[in-house]
Each structure stands twice: as C-alpha cells, then as structure tokens.
Amino acid sequence: MSEVRVRFPPSPTGYLHIGGARTAIYNWLFARKHGGKFILRIEDTDADRSTQESIDGILDGMKWLGIDWDEGPYFQTEFAGEHVEKAQQLLADGHAYKCFCTKEDLDAKREAAMAAKKQLGYDGTCRNLTSDEVAHKEAAGIPYVVRFKVPHKDGVVSYDDKVLGLIKRKYSEIEDFVIVRSNGKPLYLLCNVVDDIRDRISHIIRGQDHMTNTTRQILIYEALGAKIPVFAHMPLTLDLKKAKISKRSHGEIVAVQFYQQHGFLPWALVNFLVLLGWNPGDDREIFSKEELIETFSLERINKAASIFNYRKGDPKFFTDPKAININAQYLRTIPVEELAGYVKEELQANDLWDDAYEGDKKEWFLKTLEMIRERFHTIKDFVADGRAYFTDDFQINEKALKKNVLKHPGLKEWLPMLADRFDQLPELTTEEAERVAREFAEEIEVKVGIPINAARAVITGQLKGPSMFELFELFGKERVVSRLRNAPKYFEDQS
RNA sequence: GUCCCCAUCGUCUAGUCUGGUCCAGGACACCGGCCUUUCACGCCGGCAACGCGGGUUCGAAUCCCACUGGGGACGCCA
C-alpha cells in the first residue's frame, strides 16, 4: 500500500458530536496503524453557518480525546481559488455545463416528480443548450449554476467499499448535480474532491450517509483525471428509536464536551465509541492506545448501524450504560497517579484542592483514591460522594442518616462514647479500631454493624463506602473523634 | 416515490466470506447467590436473540430467492 493519508473534514456548524468523533477516531486509528498521516481539514465553505466558536469546540474536543493530527487544520475557504479553477476546467473540458434554470422552476419540477412518484432529479433542460444560447443567456445577465455532466451511458459506477463490499449505481440514476452556486461559489461535492486530491488522500473513511455522494464524487475524480481513493463507509449511529443522533433532537448528550464536563476519562470515551460499530474479533473490550492501534482494521467495521443506548431521563444512567461501565472500569484500573491528575482538576474546580496532596499528604491522597475509586463511575463522583474525604464541610446523605443513624436512638450516646475509646488509643490503626469497635459493640449489646454503619454515615456522609475499619485509620484519630463526637447534633436537628 | 445500504439477546457484538465443532459465545443492563460492618469490586448462577417464508443441501444463523422491517440519500448544506 502506498502512503496512507486520511482526513477528518468537519464542517464547523456545531460542536464536535460523538458521531463525528467516532469518524475521526476510525480515521486516526487507521493512519496510526499504517504509519500514515491524519489530516484535519475544516470545511467552512458554508459561510452562513460556520462559526469560530464551533471551530474551537471541534479542536478542543479532538485534543481532549487525544486524537492528534499530523497536518492542518486546513481551512477549505483558503483554497476557494483552486475550487473555482477546477470548476472552470470541468466546464472547459465539457464535463460540466451552465444551467440557467431558476430555483422556482426546479422546485416546481421536483414537487411534480414527487407527486407523480417518479425519480427526483434534474431533467437536463440546460444540458443541450447550444453555445449561442448559452452566450445569449449570459449576455442577458441570467444567473446560472454549474452542473456536472453525468455521462449518458449504460452500466454502473462502482467501487469496492472496504466495509460494505462492491457498491454499484447506474449512471442513469445519477442526476446532473450542481457543483457551483449561482453566486460563483463551488459546492461541497467539488471542493471536497479537489481538496482530497490536493491532500493526496488515499482512504476516505466516512459515514454511510455519504454513499450517494461517493458515486457522484467518483465521477468528478474521473473527470479530473485523478486517482480514486479507497472508500470505507462506516455504519451510522442511531438512537433507541433508530433515528440519526443529532444536536437538534438529542442535545448535549451527543456532544463530546458533555462527557468532558461529566467526569469521563477521555480515553474511556474513545474506547466506548470505537466499540460502537467495530470489534476486534475476540472478547477484548478494553484497549490501551497501542493495543487499539495494533488491533484496528477497516474490515472489522460492522455494516449495520449501531444504537447509542441512551434513555432520556433515566434516573440511573445519564448516558449509555456501557459507556459509563467502561469509564468506571478505567477509573478503577488506571495507575492511581494518573487518576490523581484528573481528581486534582476536579477538586480544584470545587475549591477542595490542597497542595499538600502533592507534598506531605501525597501518600494519604493516593491511598484515599485507591480506596474509594472502586465504586465510582465518573470523576465527578470524587467531589460528590467523596466530598467528606477532602473537607469537613460536607452534607450527610439523607438516606444514610435515616437508615444508619436516626433509626437507633442509642447512637446519640454511643457514637461519642466510641469517640472517647478511640481517643484513648495511642494510635488509631485499622486493627485497633476493629478491636475496640467490636468490644464496644459487645458491651452495649448491639451488632457491630450498627455503630460501624453509623460511623460511616457521620464520617463519610455516605451510606456506602470502603471498609470502615480501614477508613478509621485513613481519616485519622482527630477527624474520626471529632466527627463521632459531633454526631448528637444530627439527632437534635431532627427534633 | 426512486436509488443505495442493512437485518443475531433490551443494548454493543462473536459466529456469516471458507455450511456441520452453535439446541448460538462474550460484554453491558437486569435478576438471584456467595463474600461482607454497608456499598462496590470479585466470583458463581439466571433471564434473553439467528425478522418471516420458501428453496439448495445429508445438514443453514451461515448459500439463493421473495417478503417484511429498519436506515440513508434524493439541497444553489456539508
């Protein structure tokens, strides 16, 4: 295979959404796997809808995901001159012609065709205009568009899709499509090809929604005398109702940024996305970057569309459960030092960061993360459910309070008593804490779970958490004693 | 409507090219159990699918044909 060069050409008309990100990821993986180049090209020819904000959003999203590009970002508008030039060339070579039909006429014809239930498409009215007629209309100042002259011949345009196999389409079913607007600006179908030729793109990996574009663009490649790249059409991502996912109907949930804001690890999102429409052929689901690059192949991309399993308003899963699961798996398996970096950002954003976590308290900090990360799903959980580990200013979980504290009125006295016992210990170790707690429970004749669960509630604010005996040591005598002694206030607050 | 593509558990999917090893495997989710001071992790178990109908064949999830279903495209958007 000659040099592999692939590209990701988003149009900056909105944020980077997960479908686009997945396309970028597949291209990027393919480039990395074959030692090729991954090119980022912003297709901003639609001036009305393109925004700088959107460009920034796309770039930021790519960077966050760790999808790095080798060339670009190029901007399509910078090559406008070349696009016009190529359009003229097609015109001069007889591969295109000027069409003076008005928009109104065409709309009327389209409606008529629709009503007659016939194939839609341009009828070729201006295709056979003589040069005199063209000159006359031009002289009269009638605006025109440039249409590509699809060869009138039997047979099919075909290409060997790396995902779908041989795809064919009859010439007779391809209409003479517009390549230049009446204002002189070339359209996507042309610009895209011209840019891909200039960028020496070898493989075009894009969504199946581009399939009809592909047959038309192949015609342009041929007319321009350029080598036709290899095409691979990826399956689309749909929602549970099998509708294409979009910002309009799904909102933030399909934005990459959403996952950044909701505590996802970037690589976990990449890992989830890549599995939506591709599989390695074995049972592996979690991949390091190197493993994924090594394993990825176009041939193992699925043909059928995949569904992004998101239920709006689901009380338990704010996005696809598999995505959350994969994120949670990463959360509890990546090196704790790496996790610390993400948690640091989150703590800083919530004014809970202490520089000592990278100094004197580093060991404590890492140990804490190690203990609590097991039951968390996103980085956000560290400041939500994990708040009490990092500050005295926390709210006790209401359920935990009711179920593990208030339910047993005796705890109002027992907890401070337990605090006293701990206080007398020279050192509050896991072993000592367990011994003392068990002895105490026996004395007051309750199951050890009662004071222990209550202690968890008042110390961590949570209903659930790591082994309480280990937590006593983790929190340290001072904080444990103070929070236990503080327990009676919860009873008073109620009355 | 026309053209193109697709079709295995609720979801992501393996298996389809090269028919038998598949009364269909894994993962998520869900349910039950073990572990346990709680929850989680982990482990064990369960629920759950080859869209329908024909054909070819000794044998079909796998090949063929219809049907049905789903998606996409049909812009002077990209």
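Trainee: Which residues form one aromatic cluster?
Mentor: The model in front of us is predicted, and a search of the whole structure finds 24 aromatic pairs. Within this predicted structure, one aromatic cluster is formed by Trp353, Tyr357, Trp364, Phe365 and Phe390.

Trainee: Is the pair of tyrosine 389 and phenylalanine 475 stacked, tilted or edge-to-face?
Mentor: The ring centres of tyrosine 389 and phenylalanine 475 lie 5.1 Å apart, and the planes of the two rings stand at 40 degrees. Planes under 30 degrees apart would count as stacked and planes over 60 as edge-to-face, with the rest in the remaining class. The angle between tyrosine 389 and phenylalanine 475 is 40 degrees, so the pair is tilted.

Trainee: How many residues apart are tyrosine 389 and phenylalanine 475, and are both buried or exposed?
Mentor: Tyrosine 389 belongs to helix α16 (residues 387-390), whereas phenylalanine 475 belongs to helix α21. The pair thus links distant parts of the chain, at a separation of 86 residues. As for cover, tyrosine 389 and phenylalanine 475 are both buried.

Trainee: Which residues gather in a patch of negative charge on the surface?
Mentor: Glutamate 470, a member of the patch, sits in helix α21, which spans residues 468-485. Its relative accessibility is 37%, so glutamate 470 counts as partly exposed. The residues that gather in this negative patch on the surface are Glu427, Glu431, Glu470 and Glu473.

Trainee: Where is lysine 407, and is it buried or exposed?
Mentor: Lysine 407 gathers with Lys316, Arg375, Lys399, Lys403 and Lys464 in a patch of positive charge on the surface. Its place is in the loop between α17 (398-406) and α18 (411-424). With a relative accessible area of 57%, above the 50% cut-off, lysine 407 is exposed.

Trainee: Which residues are linked with Arg41 and Glu43 in a network of salt bridges?
Mentor: A search of the whole structure finds 34 salt bridges, and one of them joins the side chains of glutamate 43 and arginine 41, with N to O at 3.0 Å. Glutamate 43 and arginine 41 are both buried. The network that links Arg41 and Glu43 also holds Arg7, Glu82, Asp195, Asp196, Arg198 and Asp199.

Trainee: How many residues apart in sequence are the parts that glutamate 138 and lysine 98 tie together?
Mentor: Glutamate 138 and lysine 98 form a salt bridge in which the closest N and O atoms are 2.9 Å apart. Because glutamate 138 lies in helix α5 (residues 131-139) and lysine 98 in strand β4 (residues 96-99), the pair ties together parts whose separation in sequence is 40 residues.

Trainee: Is lysine 98 buried or partly exposed?
Mentor: Its partner glutamate 138 has a relative accessible area of 33% and is partly exposed. Lysine 98 has 18% relative accessibility, and the cut-off is under 20%, so lysine 98 counts as buried.

Trainee: With which lysine does glutamate 358 form a salt bridge?
Mentor: Glutamate 358 is placed in the loop between α13 (336-349) and α14 (362-372), and its partner is in helix α13, so the pair ties together parts that are 14 residues apart in sequence. At 48% relative accessibility glutamate 358 counts as partly exposed, and at 22% its partner also counts as partly exposed. The closest N and O atoms of the bridge are 3.1 Å apart, and the partner is lysine 344.

Trainee: Near what value is the omega of the peptide bond from glycine 72 to proline 73?
Mentor: Most peptide bonds are trans. Proline 73 lies in strand β3, residues 71-75. The bond from glycine 72 to proline 73 is cis, with omega near 5 degrees.

Trainee: Near what value is the phi of glutamate 445?
Mentor: Glutamate 445 lies in the loop between α19 (430-443) and α20 (449-460), and at 71% relative accessibility it counts as exposed. Its phi is positive in a residue other than glycine, with a value near 60 degrees.

Trainee: What distance separates the C-alpha atoms of phenylalanine 491 and phenylalanine 148?
Mentor: Phenylalanine 491 lies in helix α22 (residues 488-494) and is buried, with a relative accessible area of 13%. Phenylalanine 491 and phenylalanine 148 are 343 residues apart along the chain, and their C-alpha atoms are separated by 81 Å.

Note on methods
Residues numbered from 1 in each chain as written. Chains lettered and ligands numbered in written order. Predicted model: local features only at pLDDT ≥ 70, side-chain atom pairs only at ≥ 80, totals over all residues. Heavy atoms only, no water. Patch = residues over 30% accessible without salt bridge, like charges linked within 9 Å, V, L, I, M, F, W, Y side chains within 5 Å. Areas by Shrake-Rupley, 256 points an atom, 1.4 Å probe, with all protein chains shown as cover. Salt bridge = Lys/Arg side-chain N within 4 Å of Asp/Glu carboxyl O. Lys, Arg positive; Asp, Glu negative; His and termini not counted. Charge placed at Lys NZ, Arg CZ, Asp CG, Glu CD. Helix = DSSP H or I, 4+ residues; strand = E, 2+ residues; numbered from the N terminus. Buried < 20%, exposed > 50% of the residue type's maximum accessible area, 1.4 Å probe, protein only. Phe/Tyr/Trp six-rings, centres within 6.5 Å; stacked < 30°, edge-to-face > 60°.
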